[in-house]
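Here is a set of short exercises to work through with a viewer open. Try each task yourself before reading its solution.

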Protein chains: 2
Amino acid sequence: MSIPNAFYAQSGGVTAVINATACGLIEAARKQPDRIGKVFAGRNGIIGALNEELIDTSFESSEAIAGLRQTPGGAFGSCRYKLKSIEESEQEYRRLIDVFKAHNIRYFFYNGGGDSQDTAHKISQIAEKLGYPLTCVGVPKTVDNDLPFTDSCPGFGSVAKYVAISAREAALDVISMSATSTKVFVLEVMGRHAGWIAAAGGLADEGHNDAPQVILFPEIQFDKQQFLAKVQESVETHGYCCVVASEGIRYADGHFIAEAGRKDAFGHSQLGGVAPALVEMINEGPGYKCHWAVSDYLQRSARHIASAVDVEQAYLLGEKAVELALDGQNAVMPVIVRKSDEPYRWVVDSVSLADVANVEKMMPENFISEDGFSITNACRSYLLPLIQGESYPSYQNGLPNYIGLENRMVEKILAT
Amino acid sequence: MSIPNAFYAQSGGVTAVINATACGLIEAARKQPDRIGKVFAGRNGIIGALNEELIDTSFESSEAIAGLRQTPGGAFGSCRYKLKSIEESEQEYRRLIDVFKAHNIRYFFYNGGGDSQDTAHKISQIAEKLGYPLTCVGVPKTVDNDLPFTDSCPGFGSVAKYVAISAREAALDVISMSATSTKVFVLEVMGRHAGWIAAAGGLADEGHNDAPQVILFPEIQFDKQQFLAKVQESVETHGYCCVVASEGIRYADGHFIAEAGRKDAFGHSQLGGVAPALVEMINEGPGYKCHWAVSDYLQRSARHIASAVDVEQAYLLGEKAVELALDGQNAVMPVIVRKSDEPYRWVVDSVSLADVANVEKMMPENFISEDGFSITNACRSYLLPLIQGESYPSYQNGLPNYIGLENRMVEKILAT
């Protein structure tokens with residue numbers, strides 16, 4: 001029998017370091033030519049497997065694969081596609097197994113967030129049911145930092161670093177302008193359900209400038225009057241106010257701030273933007289001149305200022321995934337286990353996918369201050385290690401030297 | 001007679017490198033203790049002079065002054081305050097001269113854009129009229145890159161680099177997501193009148209991914225149908241579309257896109273945001289899923305990824321300002337003169353403020369493509385040298401080690 005192949009797919013929103021995980025995984029697999037034949041990557045994630053659109057990574061040079069470590073985005077394409085339950089979509093699951101069988105794929109690596117870990121778990125179940133020998137390993141990835149068991153998720157540390165740096169830089173700007181012009185700056189960051197990314201903005205304050213003075217977490221019900229009072233207090237005390245707002249903040253009635261009561265001239269519900277909504281409140285309230293930014297994809301693709309800790313962990317989890325698979329561990333996910341905050345020490349371990357699936361890790365209550373507007377020292381101790389070190393990409397002609405792969409497709413065998 | 005002092009003020013919107021100019025200027029002055037006594041900085045710009053709020057920079061250590069080179073924002077505070085004509089506000093001009101006289105200030109350095117150069121020119125005129133011996137030197141600064149005579153303005157190269165990198169990173173993100181999710185990404189950048197910053201987004205395309213496919217310049221009248229057609233063509237050809245839009249784009253009738261017809265639920269004209277306005281058009285037109293970012297202050301304070309060329313030029317222009325002043329050259333501004341594109345060679349020269357005042361340098365017509373949606377090779381040749389090199393700040397604990405000055409105030413002498 002020929003040497004079995006592996007399948008790897010990227011899932012959901014990409015990050016600055018998901019390709020570093022791919023790099024760790026492919027490099028580890030290449031070190032085991034007797035045990036892993038080729039690593040096939042799904043073109044646009046799991047959809048690539050369903051459509052038998054497999055990328056043969058063996059055509060990529062070792063330099064190209066190494067370049068993945070410093071390239072943001074998803075090099076093979078990702079997708080937002082959730083397989084339903086096995087009962088509802090057994091045909092899709094069977095199709096996956098057919099594709100794996102046709103291409104002698106015996107290792108399945110799925111690099112994503114909570115939904116993806118759930119999918120990886122289900123695929124391990126269907127493979128077992130059908131008697132197909134498949135080792136399934138989930139690999140964590142999400143800027144939302146909401147996977148359980150792992151101390152942090154690859155992708156989060158780099159967003160955290162970007163947001164902390166951006167908040168500090170913008171604070172220095174607004175401080176300079178506040179005497180005669182802009183007094184309030186609002187930075188909108190990602191985080192629909194959990195405030196991890198907004199919390200990272202709090203790291204900007206090391207006592208130099210006390211910004212951001214206001215952090216808005218999705219965990220805390222938004223109260224307009226309290227928010228405006230806090231902004232006003234900050235402007236009166238410091239001369240300015242810097243706000244970091246999570247996109248997911250809501251009123252007590254559950255409505256998102258970004259959509260609450262905002263219509264365009266045609267009466268259509270207006271598209272998001274927590275930052276402009278908050279600025280409008282300030283304009284109608286205390287009336288300070290405001291500036292606002294929405295970092296959106298910039299924050300999660302900012303490989304130019306990625307956290308070195310994050311890049312290293314992303315790489316090692318990819319490597320570990322191969323090790324686990326070759327060790328015959330099925331339906332598991334490698335995780336980061338923190339041993340101490342200072343000095344920051346951590347090890348890689350693994351947990352069962354059955355335990356991970358569909359559990360969301362929220363911010364602990366003691367990470368948010370009493371008044372709900374800032375982070376606690378406990379939160380700072382947790383976050384700070386994750387943004388350490390600057391893993392700069394190489395540059396060419398003034399721009400980061402991000403890699404583009406060949407992405408040669410494997411010839412299809414099956415009928416569609 | 002005691003050694004004369006100097007006055008330095010930062011004006012208008014701050015940049016990632018205006019403090020590098022302050023650093024060059026103060027370090028140059030400190031090398032001439034026999035000719036320049038102290039450098040006083042205006043607290044919050046020229047307002048500091050009017051209010052006799054002077055910062056004594058001699059209390060700052062040489063390490064602190066050196067740290068200015070890597071710190072964004074305006075270390076002494078800036079302001080948006082334009083002195084009117086001498087006829088309208090002679091009293092204000094006389095007050096400035098009184099303050100300078102009281103503190104033995106014989107050198108006036110004004111670090112700003114077009115308005116500030118105009119002010120510096122007027123101050124030289126009133127000093128002459130009043131017979132007060134004052135040497136006035138304007139020092140260029142503006143992310144808008146719209147000052148005449150100087151090949152580029154300190155501050156612009158770093159914004160250009162930030163925007164080019166951000167556009168490239170976000171493009172890699174949307175490419176990864178486009179099969180099943182986001183197909184269009186819109187990045188809003190600064191530039192009310194001139195499209196220099198939007199043009200820099202065009203540098204992201206080096207042939208790897210062809211993004212951005214659409215650049216919207218304030219120089220080109222916005223045509224909604226043409227824009228939507230271009231976005232659609234891009235999505236159909238590439239599978240996605242990346243848009244870089246200047247905040248200053250307008251319809252043929254002169255209305256800004258950001259305000260055109262957009263009202264909130266209360267009927268108030270809605271605050272800015274070109275990016276969300278464009279996304280709304282796409283949603284109502286072809287209906288692609290979009291993401292958008294507004295970089296606002298982040299782009300001009302992003303010292304963490306400043307252009308090394310920009311930092312060096314900012315520093316040298318500060319240094320040159322002192323040299324010009326000590327050389328007795330009054331009412332001048334140091335400028336960058338480009339000698340060649342490749343290899344990039346340039347020298348520092350100077351021009352008369354009388355020639356600079358109130359002239360805006362627009363993008364040359366041959367810098368924008370025929371269809372109005374991208375930059376030409378001529379534009380690329382101009383821009384590329386300005387983003388070369390990465391001038392990274394030092395880091396401490398995962399964050400840039402930005403300096404905070406003591407900013408000790410000089411005791412007031414005059415009645416207010």
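The exercises below concern a predicted model.

**Exercise 1. How chains A and B are related**

Task: Find what rotation and what shift superpose chain A on chain B, and which residue of chain A comes closest to the rotation axis.

Solution:
- Start with the general idea: two copies of a chain are related by a rotation about an axis and a shift along it.
- Here the rotation is 180° and the shift along the axis is 0.0 Å, with chain A landing on chain B at an RMSD of 0.0 Å. That is the relation of a two-fold axis.
- Now look for the axis itself. V294(A) is the residue of chain A that comes closest, with its C-alpha at 2.4 Å.

**Exercise 2. The contact between the chains**

Task: Work out how many residues each chain gives to the contact, and which element of chain A supplies the largest share.

Solution:
- Count each side: chain A gives 67 residues and chain B gives 67 residues.
- Next, list the elements of chain A that each give two or more residues to this side: α6 (156-177), α9 (274-284), β9 (290-294), α10 (296-301) and β13 (399-400).
- The largest share comes from α6(A), with 13 residues.
- Sort the side of chain A by residue type, and you get 32 nonpolar, 21 polar and 14 charged.
- Finally, compare the two sides. Since 100% of the interface residues of chain A are also interface residues in chain B, the copies meet through the same surface.

**Exercise 3. Two helices of chain A**

Task: Check the lengths of α1(A) and α6(A) against 1.5 Å a residue, then decide how buried each helix is.

Solution:
- Take α1(A), residues 18-30, to begin with. The expected span is 1.5 Å times one less than the number of residues, so its 13 residues should cover 18 Å, and the end C-alpha atoms are indeed 18 Å apart.
- Do likewise for α6(A): its 22 residues should span 32 Å, and the end C-alpha atoms lie 31 Å apart, which agrees.
- For burial, α1(A) is mostly covered, with 11 of its 13 residues buried. Among them are I18(A), C23(A), L25(A) and I26(A).
- Look at what covers the buried residues of α1(A): the list includes β1 (5-10), β2 (39-42), α3 (62-67), β4 (105-112), β5 (135-140) and α11 (308-326) of chain A.
- In α6(A), 22 of the 22 residues are buried, so this helix is largely enclosed by the rest of the structure.

**Exercise 4. The nonpolar core**

Task: Find which residues have the most contacts inside the largest nonpolar core, then trace what V243(B) touches.

Solution:
- The largest nonpolar core has 288 residues, and V243(A) and V243(B) have the most contacts inside it.
- From V243(B), leave out residues up to four places away in sequence. What remains is V184(B), F185(B), V186(B), L187(B), P212(B), V214(B), L216(B), V231(B) and L278(B).

**Exercise 5. The domains of chain A**

Task: Find how far apart the C-alpha centres of the two domains of chain A lie, and how many residues make the contact between them.

Solution:
- The domain assignment gives domain 1 as 5-142 + 303-336 + 344-354 + 389-400, and domain 2 as 156-301.
- Their C-alpha centres lie 35 Å apart.
- In the contact, 12 residues of domain 1 meet seven residues of domain 2.
- The domain 1 side divides into six nonpolar, four polar and two charged residues.

**Exercise 6. Backbone exceptions**

Task: Locate the cis peptide bonds before P343(A) and P343(B), then decide whether D296(A) and A331(B), which have positive phi values, are buried or exposed.

Solution:
- Keep the background in mind: most residues other than glycine have a negative phi, and most peptide bonds are trans.
- The bond from E342(A) to P343(A) is cis, with omega near 5°, and P343(A) sits in the loop between β10 (332-340) and β11 (345-352) of chain A.
- In chain B, the bond from E342(B) to P343(B) is cis too, with omega near 0°.
- D296(A) has phi near 40° and belongs to helix α10 of chain A. It has 26 C-beta neighbours inside 10 Å, and 20 or more make a residue buried, so D296(A) counts as buried.
- A331(B) has phi of about 55° and lies in the loop between α11 (308-326) and β10 of chain B. With 24 other C-beta atoms within 10 Å, A331(B) is buried.

Conventions: Residues numbered from 1 in each chain as written. Chains lettered and ligands numbered in written order. Predicted model: local features only at pLDDT ≥ 70, side-chain atom pairs only at ≥ 80, totals over all residues. Core = buried A, V, L, I, M, F, W, Y, C linked by C-beta atoms within 7 Å. Buried ≥ 20, exposed ≤ 12 C-beta atoms within 10 Å, placed from the backbone. Contact = placed C-beta atoms within 7 Å. Least-squares fit on C-alpha atoms with pLDDT ≥ 70 in both. Helix = DSSP H or I, 4+ residues; strand = E, 2+ residues; numbered from the N terminus. Nonpolar A, V, L, I, M, F, W, Y, C, P; charged D, E, K, R; others polar. Domains from an automatic or database assignment.
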